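Here are some short exercises to work through with the structure open beside you. Try each task before you read its solution.

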Amino acid sequence: MSRFFSEKYKNLTPYTPGEQPKDMKYIKLNTNESPFEPHDAVRQAVENAAGSLALYPDPECRELTALLAKQLGVDTEEVLLTNGSDEILNFAFMAFCDKSHPAVFPDITYGFYSVFAQINGVPYSEIPLRDDFTIGINDYFRSGKTVFIANPNAPTGIALTVSEIEEIIINNSESVVVIDEAYVDFGGESCIPLIKKYDNLLVTGTFSKSRSMAGARLGFGIGCKALIQDLNTIKYSTNPYNINRLTLAAGTASLNNNDYTVQNCRTIIENRQFTAEQLQKLGFSLTESSANFVFAKHPKISGKELYLKLKKNGILVRHFDKEKISEYNRITIGTKEQMQALINEIKKILEEQV
Ligand code: PMP
């Protein structure tokens, strides 16, 4: 730390992204990326857009916003595009939380929420998941706080139904409820239609997972016009050109080729089913995942040991040290071949275990 670092941030613990090691070639099942390349049209669109890099991008992102709004069945004023969904989540902490509106989220969820709260000086509380790792919706009723829920949740993959989410919204009519749908395309149910009914709902989404565009950084928020206006105030006060030209072009091409995304999601869901069955046969217990990952533990080997042994053998999965989930590993669903390689490796590791 330098002598100059602001007092405000001295105690900040930053988010730790999943490893992106370069020392050897890994089968990367640790950051919930897609194993599939983006559609060819996306690559082509990026190449074409590269010719205009001398010019700033459209700060209103009109073309892509209109296309996304149309596909999601909302108005353009109900959409805000951001630099990954991390940015819209940060904007939501900035716009809708302060000392009189603290934040609340589950104790086991996306690790960035607590970091966003800290950097924005927002007090927050964490509500324990139930013993089976599900979210007890009643725990969030009349919270008097801005609610953040990932649905499906991470790293458990467990999803709430839209009617359960609706109950949380109805029972927090004086607070904003943010539903983070980063993983919804893998079997969850989107609550975007509810934004027409409730002025306190913000839904966030991303092109990073189902659309194979984690490297492009494109996310979005969907909410009533007034909420989106507030978020725009934050955007235009931080970085009006938050989406670069290449990403705008990539996003448009991706939306124009939805069949490809739908097919890839279907494959991931099939591979998740295969992986879950294989892991269960090997004695693992798993949560019921509706995401592009599974969350698994084995009675004979600790989460950390399995993670380290897999890593040594060229397979990266995500292990969290947090006590309540330290026996588990979160394993991103890749191609069938990648998942078969994982299963083979785990079999060997378990055989060596005495
Ligand atoms: N929400 C959840 C639950 C996530 O796991 C992630 C990915 N790390 C994000 C949001 C952010 O994704 P991105 O910024 O790539 O859209």
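**Exercise 1. A residue and its surroundings**

Leaving aside its neighbours within four places in sequence, which residues is Thr-146 in contact with?

*Solution.* A word before we start: the model is predicted. Begin by finding Thr-146, which sits in strand β5. Next, skip the neighbours within four places in sequence and look at what remains: Thr-146 touches Phe-96, Cys-97, His-101, Pro-102, Ala-103 and Val-104, along with Ser-175 and Val-176. Last, check the accessibility: Thr-146 has 1% relative accessibility, so it counts as buried.

**Exercise 2. Looking for disulfides**

Work out how many disulfides the model has, taking Cys-191 and Cys-224 as your test cases.

*Solution.* Start with the cut-off: two cysteine sulfur atoms must be within 2.5 Å to count as a disulfide. Now the count itself: zero disulfides. Cys-191 shows how that goes, since its nearest cysteine sulfur belongs to Cys-224 and is 14 Å away. Turn it around and start from Cys-224: the nearest cysteine sulfur is that of Cys-191, again at 14 Å. As for their surroundings, Cys-191 is buried because its relative accessibility is 1%. Cys-224 is buried too, with a relative accessible area of 14%.

**Exercise 3. Unusual backbone spots**

Find the cis peptide bonds in the loop between β5 and α5, then look for positive phi values in the loop between β7 and β8.

*Solution.* Some background first. Most peptide bonds are trans, and most residues other than glycine have a negative phi.

- Step one: the bond from Asn-151 to Pro-152 is cis, with omega near -5°. Pro-152 belongs to the loop between β5 (146–150) and α5 (162–170).
- Step two: go a little further along and you meet the cis bond joining Ala-154 and Pro-155, where omega is about 5°. Pro-155 is also in the loop between β5 and α5.
- Step three: move to the loop between β7 (201–206) and β8 (219–223), where Ser-212 lies. Ser-212 is not a glycine, yet its phi is positive, near 55°. Ser-212 is buried, at 13% relative accessible area.
- Step four: Arg-217 is in the loop between β7 and β8 as well. Its phi is positive at about 60°, although Arg-217 is not a glycine. With 30% relative accessibility, Arg-217 counts as partly exposed.

**Exercise 4. A pair of helices, α1 and α7**

Describe how α1 and α7 are placed relative to each other, and list the residues where they meet.

*Solution.* Two packed helices are described by the angle between their axes and the distance between the axes. Here the axes of α1 (residues 40–49) and α7 (residues 245–255) come within 8 Å and cross at roughly 150°. Angles over 145 degrees count as roughly antiparallel, so that is the label for α1 and α7. The crossing is right-handed.

Now for the residues. On the α1 side you'll find Ala-41, Val-42, Ala-45, Val-46 and Ala-49; on the α7 side, Arg-245, Leu-246, Ala-249, Ala-250, Ala-253 and Ser-254. Sorted by class, the contact has nine nonpolar residues, one polar and one charged.

**Exercise 5. What covers α7 and α2?**

Find out how many residues of α7 are buried, and which elements cover α7 and α2.

*Solution.* Of the eleven residues in α7, nine are buried, so the helix is mostly covered. Among them are Thr-247, Leu-248, Gly-251 and Leu-255. The cover over the buried residues of α7 includes α1, α2 (62–72) and α8 (258–281).

Then switch to α2, whose buried residues are Leu-64, Thr-65, Leu-67, Leu-68 and Ala-69. Their cover includes β2 (79–82), β8 and α7. Just past the end of α2, Gly-73 has a positive phi of about 75°.

**Exercise 6. A second pair, α9 and α10**

Repeat the helix-pair analysis for α9 and α10.

*Solution.* First, the geometry: the axes of α9 (residues 303–312) and α10 (residues 336–352) come within 10 Å and cross at roughly 115°. This crossing is right-handed. Second, the contact: α9 supplies Leu-306, Lys-309 and Leu-310, while α10 supplies Leu-342, Glu-345, Ile-346 and Ile-349. Third, the classes: five nonpolar, no polar and two charged residues.

Conventions. Residues numbered from 1 in each chain as written. Predicted model: local features only at pLDDT ≥ 70, side-chain atom pairs only at ≥ 80, totals over all residues. Heavy atoms only, no water. Buried < 20%, exposed > 50% of the residue type's maximum accessible area, 1.4 Å probe, protein only. Helix = DSSP H or I, 4+ residues; strand = E, 2+ residues; numbered from the N terminus. Axes fitted to C-alpha atoms, helices over the stretch in contact; angles between N-to-C directions. Parallel < 35°, antiparallel > 145°, perpendicular 65-115°, else oblique. Left-handed = near helix turned anticlockwise from the far one by under 90°. Contact = heavy atoms within 4.5 Å. Nonpolar A, V, L, I, M, F, W, Y, C, P; charged D, E, K, R; others polar.
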